[in-house]
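Trainee: Could we go through this model together? I would like to hear the reasoning behind each label.

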Amino acid sequence: MKMTKTKGKMPKGLYIHIPFCKSFCPYCDFFKVKMDEELCQKYTEAVVKTAASYALDFDTVYFGGGTPSVMKSSQIVSMLDAVREYNNVDSDAEITVECNPSSDIENFIFNVADAGVNRISLGMQSAVDEERRLLGRLADRNRVEEVIALVRKAGIENISVDVMLGIPKQTSKSLDETLKFLIDMGVLHVSAYMLKLEEGTIFYQRQDELDLPSEDQVCDFYYQTCDTLEVAGIKQYEISNFGLKSRHNLKYWNCEEYLGIGPYAHSFIDGKRFYFNENLEKIDDGIGGTEEEKIMLGLRLLEGIDVSDKVLEKTKKSSDLREYINIEGSHISLNRKGFLVSNRIISELI
Ligand code: SF4
């Protein structure tokens, strides 16, 4: 059954979670499973079956993980085929696959590009080999460079690279090396996230031995990243994202609808939020699209959001909040200083 586009309804985003990794990074607390060929095949079949149980309109598809590039390209393609067969995917849909540059992924990239994937997100974290090694990342800088060239050769220009701020031993100089590398490589999008020490991870247990930069240094790294990328024309549009906007991720921040397939993939459909647990049981997660939620998500965007008179009043009254918030009519947005303490600001507003 192939659905025709529902008149008046915005197309949704589709997120497909691939929970497999070849090895585990010492800072990661995501749900993940050691890569196993048989499991990957069974998982592909389960995703195909789930995709066939929906009949929705999508204009973005995002394969995230875990590490989608540990799958066979034929498995990614069969998931994508099933999505297209039973749902309606826009002809100009943004289709992203997250890849780990350490994998042997030449054929993978060419095959998924042939199947319509038009955006690749690379988990680089740092262009400094020692920093990458400390993070458990196996590819060296030359390999990252080769993979970027390979992605372009496959006809995909929309390349996003992840960068991490607050890595053990990171300095302003080493961060500059990473940012210059990305600028020289001409990548169109950068995601820059701060390392968080999550309980239960190796980094959490060994934090005293790690030679981590101080909190103030990490704040300076954030400003350095924003400034350096801005000068290079890779402009910030969200707390942690820069450059050519990710159409898929914008759906989350704009409180638009999306379907998530896979363990701990979240969905927002018809005003309701839900997710699947690791046994793929559906768990209700309440009502979505409330004003609180719109503030929480929308204030991550540089452009900000329109708010109610009540929230506006609260913002205007507090001299503390005004230090971090720009106000224009009924529209508010966080400044860079505000981005660094966004959780506190948002919880004061809602
Ligand atoms: S590759 Fe990604 S999901 Fe897998 S362990 Fe490393 S950080 Fe976690």
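Mentor: Gladly. Two residues are in contact if their C-beta atoms, placed from the backbone, lie within 7 Å. Keep in mind that this is a predicted model.

Trainee: With that cut-off, how many residues of domain 1 are in contact with domain 2?

Mentor: The domain assignment gives domain 1 as 12–252 and domain 2 as 305–350. By the 7 Å criterion, 5 residues of domain 1 are in contact with 4 residues of domain 2. On the domain 1 side, the touching residues comprise 5 nonpolar, no polar and no charged ones. The centres of the two domains, taken over C-alpha atoms, are 31 Å apart.

Trainee: What makes H1 and H2 roughly parallel?

Mentor: Helix H1 (residues 37–52) and helix H2 (residues 73–86) pack at an angle of about 10°. Angles under 35 degrees count as roughly parallel, and therefore H1 and H2 earn that description. Their axes lie 8 Å apart.

Trainee: Which residues of H1 and H2 make the contact?

Mentor: From H1, they include Cys40, Gln41, Thr44 and Val47; from H2, Ser78, Met79, Ala82 and Tyr86 are among them. Sorted by class, this contact has 9 nonpolar, 4 polar and no charged residues.

Trainee: How do you know that the buried residues of H3 are on the same side?

Mentor: In helix H3 (residues 106–114), the residues Phe108, Ile109, Val112 and Ala113 are buried. They span an arc of only 125° around the axis, so they sit on the same side of H3. In general, an α-helix has 3.6 residues a turn, so residues three or four places apart point the same way.

Trainee: What do the buried residues of H3 pack against, and which residues does the opposite face carry?

Mentor: The buried residues pack against H2, strand E5 (88–99) and helix H5 (141–153). The face of H3 turned away from them carries the exposed Asn107 and Asp114. Just after H3, Gly116 takes a positive phi of about 110°.

Trainee: What makes the phi of Lys169 and of Asp211 worth a remark?

Mentor: Most residues other than glycine have a negative phi. Lys169 has a positive phi near 70°, and Asp211 has a positive phi near 55°. Lys169 is in the loop between strand E7 (158–165) and helix H6 (172–185), whereas Asp211 is in the loop between helix H7 (202–205) and helix H8 (215–231).

Trainee: Why is Lys169 called partly exposed, and why is Asp211 called exposed?

Mentor: A residue is exposed with 12 or fewer other C-beta atoms within 10 Å, buried with 20 or more, and partly exposed in between. Lys169 has 14 such neighbours, so Lys169 is partly exposed. Asp211 has 10, so Asp211 is exposed.

Trainee: And where does Thr201 fall, buried, exposed or partly exposed?

Mentor: Thr201 has 17 C-beta neighbours inside 10 Å, so Thr201 counts as partly exposed. Thr201 is in the loop between strand E8 (189–194) and H7. Not counting residues up to four places away in sequence, Thr201 touches Pro26, Tyr27, Cys28 and Asp29.

Trainee: One last item: where is the residue that follows Gly65 in the cis peptide bond?

Mentor: That bond joins Gly65 and Gly66, with omega about 20°. Gly66 is found in the loop between strand E4 (57–65) and H2. For context, most peptide bonds are trans.

Terms used:
Residues are numbered from 1 along each chain as its sequence is written. This is a predicted model: local features need pLDDT of at least 70, side-chain atom pairs count only at pLDDT 80 or more; totals for chains, interfaces and linings use all residues. Domain bounds come from an automatic or database domain assignment. Ala, Val, Leu, Ile, Met, Phe, Trp, Tyr, Cys and Pro count as nonpolar, Asp, Glu, Lys and Arg as charged, and the others, Gly among them, as polar. Axes are lines fitted to C-alpha atoms, for helices over the stretch in contact, and angles run from 0 to 180 degrees between N-to-C directions. Helices (H or I, at least four residues) and strands (E, at least two) are DSSP runs, numbered from the N terminus. Angles under 35 degrees count as roughly parallel, over 145 as roughly antiparallel, 65 to 115 as roughly perpendicular and the rest as oblique. The arc is that of the directions from the helix axis to the C-beta atoms.
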